[in-house]
Amino acid sequence: MNNKSVCVYCGSRPGAMPAYTKAARSFGTLLAREGWRLVYGAGDVGLMGEVARAAQSAGGDTFGVIPEHLVRREVGKSDLTRYVVTETMHERKKVMIMNADAVVVLPGGPGSLDELFEALTWRQLGLHDKPILVMNIEGYWDPLRVLVERTINQGFADPSLGTFLNWVTDPEEAMELLRQAFG
């Protein structure tokens, strides 16, 4: 066990394709088997619940962070190794990223995009240097990749922005890239 922690952003819904759920379960299991702690939004619904339950089933360490106003809506998963309730969403995001060595984004909606772009902006501003991986299951994030490239090409972001995102296609590829990053 090398005490690494991976922050996972993902949907509070399962999404339209079974591949998303399969990837979330697989990634949670792989994190636990590697001995890395899962840091996530503490929900027991959607892909969030899948990744956490898989990590727990594989004996993994789980750290969940949820704002008070979402405890009922996202069914706060209080049986985690560590369960933190914050006052605000901003606090939640800060606690999550500050307690992780890397960020991995699975398919998700506006909340996942918000979390990803905050982590990306903080990286661009030099507030952290943690790897950010985008798990592009079944091409889900293809439009996002095009948008990021367009933002750079149209002069609204420095080309270095593109180097801060690591695009992977499945949990195994994500794990390999994380092993390299963690050295």
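The following dialogue examines the sheet, the helices and selected residues of a predicted model.

Student: In what order do the seven strands of the open sheet stand?
Tutor: The sheet is open, and the pairing of its strands is parallel. From one strand to the next, the twist averages 20 degrees. Read across the sheet, the order is β4-β3-β2-β1-β5-β6-β7.

Student: Which are the edge strands?
Tutor: An edge strand pairs on one side only. In the order β4-β3-β2-β1-β5-β6-β7, two strands stand at the ends. The edge strands are therefore β4 (82–86) and β7 (165–168), since two strands pair if at least two bridges are found between them and each of these pairs on one side only.

Student: Which residue in β4 is the bridge partner of Phe 63?
Tutor: Strand β3 covers residues 62–67 and runs parallel to β4. Five bridges join β3 to β4. For Phe 63, the bridge partner in β4 is Arg 82.

Student: At about what angle does helix α1 run to β1?
Tutor: Helix α1 comprises residues 18–34. This helix lies across β1 (5–9), β2 (37–40), β5 (102–105) and β6 (132–135). Relative to β1, helix α1 runs at about 170 degrees.

Student: Across which strands does α2 lie?
Tutor: Helix α2 spans residues 46–57. Its direction is at about 160 degrees to β2. The strands across which α2 lies are β2 and β3.

Student: Is Gln 56 buried, partly exposed or exposed?
Tutor: Gln 56 is found in helix α2. Its relative accessible area is 23%. Because buried means under 20% and exposed means over 50%, this value places Gln 56 in between, as partly exposed.

Student: Which residues does Gln 56 touch, not counting residues up to four places away in sequence?
Tutor: The C-alpha atoms of Gln 56 and Gly 28 are separated by 8.0 Å, although the two residues are 28 residues apart along the chain. With residues up to four places away in sequence left out, Gln 56 touches Thr 62, Lys 77, Asp 79 and Leu 80.

Student: How many disulfides does a search of the whole structure find?
Tutor: A disulfide is a covalent bond between the sulfur atoms of two cysteines. The cysteine sulfur nearest to that of Cys 7 belongs to Cys 10 and is 9.5 Å away; a disulfide requires a pair within 2.5 Å, so Cys 7 is in no disulfide. Cys 10 is likewise in no disulfide. For the whole structure, the number of disulfides found is zero.

Student: What is the relative accessible area of Cys 7?
Tutor: Cys 10 is buried, with a relative accessible area of 6%. Cys 7 is also buried. For Cys 7, the relative accessible area is 0%.

Note on methods: Residues numbered from 1 in each chain as written. Predicted model: local features only at pLDDT ≥ 70, side-chain atom pairs only at ≥ 80, totals over all residues. Heavy atoms only, no water. Helix = DSSP H or I, 4+ residues; strand = E, 2+ residues; numbered from the N terminus. Buried < 20%, exposed > 50% of the residue type's maximum accessible area, 1.4 Å probe, protein only. Contact = heavy atoms within 4.5 Å. Axes fitted to C-alpha atoms, helices over the stretch in contact; angles between N-to-C directions.
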